[in-house]
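Biologist: Before we discuss details, could you put the sequence and the model side by side, so that we can work through them together?

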Amino acid sequence: MGALNPVAAKRIFQDVWICMRCNAKNRSNHSKPPAKCRKCNSRKLRLRKKGKKKSA
Ligand SMILES: [Zn+2]
């Protein structure tokens, strides 16, 4: 177990939505985006995309 499985990594990044207001991560089910942020109830969510590894 060294490198991350590409399939698993893809799934992880695909199912995470970022709130554009408070930057909270919202996990979603497969092909079912969250209606709103679980923290601030904002509906402005963007899908997290796999990019640079250091995304704090
Ligand atoms: Zn939020």
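**Loops, strands and their partners**

Modeller: N41 is exposed, having 11 other C-beta atoms within 10 Å. Please keep in mind throughout that this is a predicted model.

Biologist: Where is N41 found, and what is its phi?

Modeller: N41 is found in the loop between strand 2 and strand 3. Most residues other than glycine have a negative phi. N41 is not a glycine, and yet its phi is positive, at about 65 degrees.

Biologist: Which residue in the turn of the hairpin has a positive phi?

Modeller: Strand 1 and strand 2 form a hairpin, with five residues between them. One residue in the loop between these two strands is N23, which counts as exposed because 11 C-beta neighbours lie inside 10 Å. Although this residue is not a glycine, a positive phi of about 60 degrees is found at N23.

Biologist: Is R21 buried, exposed or partly exposed?

Modeller: R21 lies, like N23, in the loop between strand 1 and strand 2. A residue is buried if 20 or more other C-beta atoms lie within 10 Å of its own, and exposed if 12 or fewer do. R21 has 14 other C-beta atoms within 10 Å, so this residue is partly exposed.

Biologist: Which residues is R21 in contact with, leaving aside its neighbours within four places in sequence, and what separates its C-alpha atom from that of N41?

Modeller: Once those sequence neighbours are left aside, R21 is in contact with C37, C40, S42 and K44. As for N41, which is 20 residues apart from R21 along the chain, the separation between the two C-alpha atoms is 9.5 Å.

Biologist: Turning to the strands, which residues of strand 1 point to the face where side chains are buried?

Modeller: In a regular strand the side chains alternate between the two faces of the sheet. Strand 1, residues 16-19, shows this alternation, with V16 and I18 pointing to one face and not buried. The residues that point to the other face and are buried are W17 and C19.

Biologist: What is the order of the strands in the sheet, and which strands stand at its edges?

Modeller: Strand 1 is joined to strand 2 (residues 25-27) by three bridges, the two running antiparallel, and I18 stands opposite K25. Three bridges also join strand 1 to strand 3 (residues 45-47), again antiparallel, with L45 as the bridge partner of C19. The result is an open sheet of three strands in the order 2-1-3. Because each has a single partner strand, leaving one side without a neighbour in the sheet, the strands at the edges are strand 2 and strand 3.

Biologist: By how many degrees are neighbouring strands of this sheet turned against each other on average?

Modeller: With direction ignored, neighbouring strands of this sheet are turned against each other by an average of 35 degrees.

Biologist: Finally, what pattern does the protein chain follow along the sequence, and what percentage of its residues is buried?

Modeller: The protein chain has one helix and three strands, and read along the sequence these follow the pattern α-β-β-β. Of the 56 residues in the protein chain, the buried ones make up 7%.

Conventions: Residues are numbered from 1 along each chain as its sequence is written. This is a predicted model: local features need pLDDT of at least 70, side-chain atom pairs count only at pLDDT 80 or more; totals for chains, interfaces and linings use all residues. Helices (H or I, at least four residues) and strands (E, at least two) are DSSP runs, numbered from the N terminus. Two strands pair if DSSP finds at least two bridges between them. Axes are lines fitted to C-alpha atoms, for helices over the stretch in contact, and angles run from 0 to 180 degrees between N-to-C directions. Two residues are in contact if their C-beta atoms, placed from the backbone, lie within 7 Å.
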